[in-house]
Amino acid sequence: CLLAAPVAARSDVTWEVEGAGWGHGIGMSQWGALGYAKHGKGWEGILHHYYRHTKIRRANGNKIRVLLQSGEASVDFTEASRACGKDLNPSGTYTAVRDGSGVHLRSADGDDLGACGGSLTATGGGSIRVAGKGAYRGTLLVVPREAGGLYAINSVSLEGYVKGVVPNEMPSDWPLDALRAQAVAARSYGLATRVTGVFDQFDDTRSQVYGGLSSETSATNEAVSDTAGKVVKSGGRIATTFYFSTSGGRTENIEHGFVGSDPKPYLKSVKDPFEEASPYHRWKETFSQAEMEAKLGSLVEGSLQSIDVTQRGKSPRIVQARIVGSDGSTEVSGPTLQSRLGLRSTWAFFNKTGG
């Protein structure tokens, strides 16, 4: 009976986490941009609020290479009029397959239409449709991966890329000035960041969510056209315009949000007074002792006693914390703590009750 007492006490322990915001907190808050637009601020004013000490300038046209698929043995596509030096039937389905270090083109019936060399390039009238993905402006590139399989890559104009990003990153029925600010932020981010030498951007949240032509809307295309070529610049260079959902009322310095990053003059904490409409402005999560220990895993030495925040940023976001266990303590960054617990942001306060 004596052995059961500690177990019963542990089962009574509850951890309540009160937090604010959703996302990393760096750069432009999308719900904040919505609030500013509703309060009459134009898209340039919105951008200047979140990216301080910057200028809006025009960038030269560029192609963006977006990774659509990775590792598949073959890539099926339609609406192409030419590939591998051959005229194709746009209504036909064709397949790119790997052949050694190169790519071969096949018909829908499986007939080998010939070697394409080290890669395949397929072009069409206005778009190319990739099976399982959708329709895309520009061209389709199929390139062998060193690790096996193929890359399917959409090579698209800068403006075509942004048209495929904005409706996937911000609701299309939001005010035009919010959508315009999002378009400029997406364009800037797309030019300021590159992934590898083979492709420039992922089509998901590792870069920006890109749905291509299939996802475009008239409202978001209008926002892109209204701001065509415009980017955010800092010190003569295109700014890395991070953005996220909800700030909780204040954004964060990049060195505190992405712990260990170099400070940037345009990525500083600013007040965000108009994002309260977000459903994630304030939130609360509750965990049992067992859930907390399971999520934190090896970060807990012994049984979890407390989580002591040792450093917060310019906002209340956690920069560093100490996880205190019965057998020792572990230092951890705010983003690591957020990731382990599955929290919406690092703006969090912990309260332990019971036990």
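## Close-up views of a predicted model

**View 1. The strands S3, S15 and S16.** In the pairing of strand S3 with strand S15, Arg58 has Lys230 in S15 as its bridge partner. The structure shown here and in the views that follow is a predicted model. Strand S3, which covers residues 55–58, and strand S15, which covers residues 230–234, are antiparallel and are paired over 4 bridges. Strand S15 is also joined to strand S16 (residues 237–238), again in the antiparallel sense, and here the number of bridges is 2. Within that second pairing, Ser234 has Arg237 in S16 as its bridge partner. S15 and S16 make up a hairpin with 2 residues between the strands, and in this hairpin Gly235 adopts a positive phi near 60 degrees.

**View 2. The hairpin of S8 and S9.** Strand S8 (residues 102–107) runs antiparallel to S9, and the two are joined by 3 bridges. Arg106 is matched in S9 by Asp112, its bridge partner. The hairpin that S8 and S9 form has 4 residues between the strands, and Gly110, which lies in the turn, has a positive phi of about 90 degrees.

**View 3. The disulfide of Cys84 and Cys116.** A disulfide is a covalent bond that links the sulfur atoms of two cysteines. A search of the whole structure returns 1 disulfide. This link is formed by Cys84 and Cys116, whose sulfur atoms are 1.8 Å apart in the model. The link of Cys84 and Cys116 is right-handed, with 85 degrees about the S-S bond. Cys84 is found in the loop between strand S5 (74–83) and strand S6 (86–87), while Cys116 is found in the loop between strand S9 (112–115) and strand S10 (120–130), so the pair ties together parts that are 32 residues apart in sequence.

**View 4. The packing of helix H3 on helix H5.** Helix H3, made up of residues 43–50, packs with helix H5, made up of residues 176–192, at an angle of about 55 degrees, and the axes of the two helices are 8 Å apart. Because of this angle, H3 is oblique to H5. The crossing in which H3 passes H5 is right-handed. On the H3 side the residues of the contact are Trp43, Ile46 and Leu47, and these meet Asp177, Ala178, Arg180, Ala181 and Val184 in H5. Sorted by class, the contact of H3 with H5 consists of 6 nonpolar, no polar and 2 charged residues.

**View 5. The packing of helix H2 on helix H3.** Helix H2 (residues 30–38) packs with H3 at an angle of about 135 degrees, and here the axes are 10 Å apart. With this angle H2, too, is oblique to H3. H2 and H3 make a right-handed crossing. From H2 the contact draws on Gly32, Ala33, Tyr36 and Ala37, which meet Ile46, His49 and Tyr50 in H3. The residues in the contact of H2 with H3 fall into 5 nonpolar, 2 polar and no charged. Ile46 thus appears both in the contact of H3 with H5 and in that of H2 with H3.

**View 6. The sheet S18-S1-S22 and helix H8.** Strands of a sheet pair through backbone hydrogen bonds, in either a parallel or an antiparallel sense. This open sheet has 3 strands in the order S18-S1-S22, with antiparallel pairing. Strand S18 (283–288) and strand S22 (348–353) are at the edges, each with a single partner strand, so that one side of each has no neighbour in the sheet. From one strand to the next the twist averages 20 degrees. Strand S1 (residues 14–19) runs antiparallel to S18 and is joined to S18 by 6 bridges, with Glu16 opposite Thr286 in S18. Helix H8, which spans residues 289–296, lies across S1, S18 and S22 and runs at about 95 degrees to S18.

**View 7. The sheet S19-S20-S21 and helix H8.** In this open sheet, 3 strands are arranged in the order S19-S20-S21, and their pairing is antiparallel. At the edges are strand S19 (304–312) and strand S21 (328–333), each of which pairs on one side only. Neighbouring strands of the sheet are turned against each other by 20 degrees on average, direction ignored. The antiparallel pairing of S19 with strand S20 (residues 318–325) extends over 7 bridges, and the bridge partner of Ser306 in S20 is Val324. H8 packs on this sheet, where the helix touches S19 and S20 and has a direction that makes about 60 degrees with that of S19.

Note on methods. Residues numbered from 1 in each chain as written. Predicted model: local features only at pLDDT ≥ 70, side-chain atom pairs only at ≥ 80, totals over all residues. Heavy atoms only, no water. Axes fitted to C-alpha atoms, helices over the stretch in contact; angles between N-to-C directions. Parallel < 35°, antiparallel > 145°, perpendicular 65-115°, else oblique. Left-handed = near helix turned anticlockwise from the far one by under 90°. Contact = heavy atoms within 4.5 Å. Nonpolar A, V, L, I, M, F, W, Y, C, P; charged D, E, K, R; others polar. Pairing = 2+ DSSP bridges. Disulfide = S-S within 2.5 Å.
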